[in-house]
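Trainee: Got a minute to walk through this one with me? I'd like to get a feel for how the parts fit together.

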Amino acid sequence: MNTPGIPITLFYAGIMGLLAVALATQVLWARINAKKLPDWKPDTTMRVQANFVENVPLALILLYLLEAGGAPQPMVHVLGGSLVIARLLHVWGYSSNPGATYPRLIGAQVTFLLMSIMGFGAIYLSVAPHL
């Protein structure tokens, strides 16, 4: 799948870009239909989108830096695919209920775990050549 000169991260960034548009559209829809929705729905819809914007850009930057730093391609795919699944779980869990749900919790925690793994991986790739 990896075409020379085109990073694997490009694929996952494309998926995340489409999800970002869908979430922004969902916020717009919730604002327009706020009077017809349960009281909690517009606020949680905005929080889902805001949480996405707060976490996904850094996660994609870390993913790209790992790829550019020489991380194995299968690892980049596992991290990218896991990020997509985690964000979809978070959206599903947060959009279906105003309170805590397992999909929301799992999606958020897996996102944080992936960002931690990618952060440690980036540090490792930056210092490994000097060890």
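**Helix contacts and a few residues**

Mentor: Sure, let's start with a helix pair. Ile-8, Thr-9, Tyr-12, Ile-15, Met-16, Leu-19, Leu-23 and Gln-26 of helix 1 are in contact with Gln-73, Val-76, His-77, Gly-80, Gly-81, Leu-83, Val-84, Arg-87, Leu-88, Val-91 and Ser-95 of helix 3. Keep in mind that this is a predicted model.

Trainee: What kinds of residues make up that contact of helix 1 with helix 3, by class?

Mentor: There are 11 nonpolar, 7 polar and 1 charged residues in it.

Trainee: And how do people usually describe two packed helices?

Mentor: With two values, the angle between the axes and the distance between the axes.

Trainee: OK, so what are the angle and the axis distance for helix 1 and helix 3?

Mentor: Helix 1 covers residues 8-32 and helix 3 covers residues 73-96. They pack at about 10°, and their axes are 9 Å apart. Helix 1 is therefore roughly parallel to helix 3, because angles under 35 degrees count that way.

Trainee: What about helix 1 and helix 2, roughly parallel or roughly antiparallel?

Mentor: Their axes cross at roughly 170° and come within 10 Å. That makes helix 1 roughly antiparallel to helix 2, since the cut-off for that is an angle over 145.

Trainee: How do the residues divide in the contact of helix 1 with helix 2?

Mentor: That contact has 18 nonpolar, 4 polar and 2 charged residues.

Trainee: Let me zoom out. How many helices and strands does the chain have?

Mentor: It has 4 helices and 0 strands, and the pattern along the sequence reads α-α-α-α.

Trainee: What box do the C-alpha atoms fill?

Mentor: Roughly 60 × 30 × 20 Å, taken along the principal axes.

Trainee: How much of the chain counts as buried?

Mentor: Of its 131 residues, 37%. On the outside, the chain exposes about 7,700 Å², with carbon and sulfur atoms supplying 71% of that area.

Trainee: And what share of the contacts join residues at least 24 apart?

Mentor: 70%, counting contacts between residues at least 6 apart in sequence.

Trainee: Switching to charges now. How many salt bridges does the structure hold?

Mentor: Just 1. Arg-47 pairs with Glu-54, and their closest N and O atoms are 3.2 Å apart.

Trainee: Is Arg-47 buried or exposed?

Mentor: In between: Arg-47 counts as partly exposed, at 34% relative accessibility. Glu-54 is also partly exposed, with a relative accessible area of 48%.

Trainee: I noticed Gln-49 too. Which helix is Gln-49 in?

Mentor: Gln-49 sits in helix 2, which runs over residues 41-68. Gln-49 has a relative accessible area of 23%, so it is partly exposed.

Trainee: What does Gln-49 touch?

Mentor: Leaving aside residues up to four places away in sequence, Gln-49 touches Leu-23, Ala-24 and Val-27.

Trainee: And how far apart are Gln-49 and Arg-31 in space?

Mentor: 13 Å from C-alpha to C-alpha, with 18 residues separating them in sequence.

Trainee: There's a proline I'm curious about, Pro-57. Where does Pro-57 lie?

Mentor: In helix 2. Pro-57 has a relative accessible area of 41%, which means partly exposed. The C-alpha atoms of Pro-57 and Ala-13 are 8.9 Å apart, although 44 residues separate them along the chain.

Trainee: How about Lys-41, buried or exposed?

Mentor: Lys-41 is buried, because its relative accessible area is 17% and the cut-off for buried is under 20%. Lys-41 is in helix 2 as well.

Trainee: How far is Lys-41 from Ser-95?

Mentor: Their C-alpha atoms are 7.5 Å apart in space, and the two residues are 54 apart in sequence. You met Ser-95 earlier, on the helix 3 side of the contact with helix 1.

Trainee: Last one, Ile-85. Buried or exposed?

Mentor: Exposed, at 52% relative accessibility. Ile-85 is found in helix 3, and its C-alpha atom lies 15 Å from that of Ala-22, 63 residues away along the chain.

Notes
Residues are numbered from 1 along each chain as its sequence is written. This is a predicted model: local features need pLDDT of at least 70, side-chain atom pairs count only at pLDDT 80 or more; totals for chains, interfaces and linings use all residues. Side-chain values use heavy atoms; hydrogens and water are left out. Axes are lines fitted to C-alpha atoms, for helices over the stretch in contact, and angles run from 0 to 180 degrees between N-to-C directions. Helices (H or I, at least four residues) and strands (E, at least two) are DSSP runs, numbered from the N terminus. Angles under 35 degrees count as roughly parallel, over 145 as roughly antiparallel, 65 to 115 as roughly perpendicular and the rest as oblique. Contact means heavy atoms within 4.5 Å. Ala, Val, Leu, Ile, Met, Phe, Trp, Tyr, Cys and Pro count as nonpolar, Asp, Glu, Lys and Arg as charged, and the others, Gly among them, as polar. Buried means under 20% relative accessible area, exposed over 50%, partly exposed in between (1.4 Å probe, protein chains only). Accessible areas come from the Shrake-Rupley method with a 1.4 Å probe; for residues, only the protein chains shown count as cover. A salt bridge is a side-chain nitrogen of Lys or Arg within 4 Å of a carboxyl oxygen of Asp or Glu.
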